[in-house]
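Biologist: Could you take a close look at one part of this protein for me, the charged pairs and where their partners sit? Once that is clear, please walk outward to whatever surrounds them.

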Amino acid sequence: MRFLSQIQLDSIPIILGLGALHTVRSLVLSPMGQPVVIVWEPLLEVFDLPAFQSEMFELSETAKEKGFTLVLVTGLTPKWNEIKENLPQFTHSKEPINRKWALYVTPSYERYFPKLIEECRENFLSQFQSQNTNQNTIQHFRKVWTHNYLKNKSTIEETKSSIQWFQSFRGTNSNVLFLGASPGLERDIESIKKHRNTFTLFASDTSIGFLLKHSILPDYILSFDSGRGTLFHFLVELPTSIPIITWLGGSSCLFELPNPKILVNTGHPLDQIVSFYFQNEKGLDWPHIQNPSLNLLGMAMSITKEIFNRNLVLSGVSFVSEFGKSHCNGTGYERYYLPQLHRKQSMECFTKRLYSGVRKGKNQLVWDELLSAKTKEKIQIYSELTAFNTNSSSEQQIELNSFQGFPPRISDLAKWANQDQSGIIHSETLNVWLRFSLG
């Protein structure tokens, strides 16, 4: 039962190895809240046993009576993509199934077959690398996210800052230009200056130093990284009129700037609580903006998707090193690494680790998403621009739909946050803020 208690409610459990069938039997008798549980048996000599098959059949029938599905997967290298696609068929559900999967190894198999288990685990993680990366990111940043969220909330209340809670961008036939900070931006910069008034311009926080140097003022700046490194991108004379699109758990340096803030609901558990508060207390809709790529480009695509017949153009987006550089000139990375430079250590020695010649991880995910979207929507790379009318007048402006308001009290957040089971909220940090907070 100790093993059973480790299974989280927010993911589809995959049980590796049936060395102890009573564990699966206990799971069937006390379903964990998911529509499906997958049992992965790697050993041929086990899943070919008639007694094993008979036991699994009985457990599957019992699971159906309890309202969920037990799926048996066998072999060392299952075809996980096919299994994922067949999940709705297994459960007879019309609703999309939670695609967050977690692997749990039965203690007996971990003890008796360590090499086999290591091979299976590596095989599983190699096919679900984005999930593994997400988990590592959560473990690394959850304390920062929770701390920033509560600190930024307090800063808003103390400074009475101008805060808008993002709902959508609306418009028709509007040209949207997103500027990343890859070296390719340097190639396009003169043309962008010439046609600046043709576009509503969204800039990544990394690119802002380079754009200001060339006298280009974006309409909006996107910044979602919670780390302290974000500060180095904003060590410029930033015009106070440019709105910053971020989230309440973003870098705390943003909330010390006088620029207007537009807050997006990222789906973080604290964002979900605030959304619930606005809906039930104020009757206001603060929609969750999906961004599976976990990248600023993915966020730009998501927040502008309600613009009808949107023309989306991209510059400074590649996720690979170009011309021997990872980024364009004038980014915060140069300011950060400047004290470490000397005649034997160039800037490239430090920044080449940021991007290599090959896309990987979440960068590959967002690139695949982009290529897929290009076939369905009007999306083009700036250097390949041919189809859009770059002589369009500036009448095609998009409209921001948002509302004003303050988040709930920390005590109200804590009341709900203590019920969170995702592990994303850092409970110790939350309790410290609650202890010393007046609200």
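**Salt bridges and their surroundings**

Modeller: Let's start with Lys153, which counts as buried because its relative accessibility is just 2%. Keep in mind that this is a predicted model. Lys153 has a partner: it forms a salt bridge with Glu157, and the closest N and O atoms are 2.7 Å apart. Both residues belong to helix 8, with their positions four residues apart, or about one turn of the helix. Glu157 is the less hidden end of the pair, since it counts as partly exposed at 30% relative accessibility. As a general point, side chains of opposite charge can pair when their charged atoms come close.

Staying on that helix for a moment, have a look at Thr146, which also lies in helix 8 (residues 129–159). Thr146 has 0% relative accessibility, so it counts as buried. What does Thr146 touch, leaving aside its neighbours within four places in sequence? Its contacts are Ile424, Ile425, His426, Thr429 and Leu430.

Back to the charges. The structure holds four salt bridges, and I'll go through two more of them here. One joins Arg187 to Asp188, with the closest N and O atoms 3.5 Å apart. Asp188 has a relative accessible area of 5%, so it goes down as buried.

Another pairs Arg196 with Asp219, and there the closest N and O atoms are 3.1 Å apart. This pair links distant parts of the chain, 23 residues apart. Arg196 sits in the loop between helix 9 (184–194) and strand 7 (200–204), while Asp219 is in the loop between helix 10 (208–213) and strand 8 (220–222). How covered are the two ends? Arg196 is buried, because its relative accessible area is 16% and the cut-off for buried is under 20%. Asp219, at 26%, is partly exposed.

Now for the nonpolar side of things. The largest nonpolar core has 63 residues, and Phe202, Leu222 and Ile245 are the ones that touch the most other members. Helix 13 gives this core its largest share, six residues. If you want one residue to centre your view on, try Phe202. Leaving aside neighbours within four places in sequence, Phe202 is in contact with Leu222 and Ile245 themselves, and its contacts also include Phe169, Val176, Leu177, Phe178 and Leu179. Tyr220, Ile303, Thr304 and Ile398 are on that contact list too. There is also a second, separate core of 25 residues, with Phe47, Phe52, Leu70 and Val73 among its members.

Helix 17 (residues 410–417) is worth a glance for how its buried residues are arranged: Ile410, Leu413, Ala414 and Ala417 are buried there. They cover an arc of only 100° around the axis, so they fall on the same side of helix 17.

Two backbone spots may catch your eye if you run a phi/psi check. Asn173 has a phi near 55°, a positive value in a residue other than glycine, and so does Asn309, whose phi is also near 55°. Most residues other than glycine have a negative phi. Asn173 is found in the loop between strand 5 (163–170) and strand 6 (175–179), and Asn309 in the loop between helix 13 (296–303) and strand 11 (311–315). Asn173 is partly exposed because its relative accessibility is 32%; Asn309 is likewise partly exposed, with a relative accessible area of 33%.

Zooming out, the protein has 18 helices and 13 strands. Of its 439 residues, 50% count as buried. Residues 24 or more positions apart make up 70% of the contacts with a separation of 6 or more. The protein exposes about 22,200 Å², and carbon and sulfur atoms supply 50% of that.

One last thing before you build anything on these coordinates: the average pLDDT is 79, with 75% of the residues scoring at least 70. Over residues 1–10 the pLDDT is below 50, although this stretch has 25 contacts in the model beyond near neighbours in sequence. Where pLDDT is low, the predicted coordinates should not be read in detail.

Note on methods:
Residues are numbered from 1 along each chain as its sequence is written. This is a predicted model: local features need pLDDT of at least 70, side-chain atom pairs count only at pLDDT 80 or more; totals for chains, interfaces and linings use all residues. Side-chain values use heavy atoms; hydrogens and water are left out. Helices (H or I, at least four residues) and strands (E, at least two) are DSSP runs, numbered from the N terminus. Buried means under 20% relative accessible area, exposed over 50%, partly exposed in between (1.4 Å probe, protein chains only). Contact means heavy atoms within 4.5 Å. The arc is that of the directions from the helix axis to the C-beta atoms. A salt bridge is a side-chain nitrogen of Lys or Arg within 4 Å of a carboxyl oxygen of Asp or Glu. A nonpolar core is a set of buried Ala, Val, Leu, Ile, Met, Phe, Trp, Tyr and Cys residues joined through side-chain atoms within 4.5 Å. pLDDT is the predictor's confidence in each residue, from 0 to 100. Accessible areas come from the Shrake-Rupley method with a 1.4 Å probe; for residues, only the protein chains shown count as cover.
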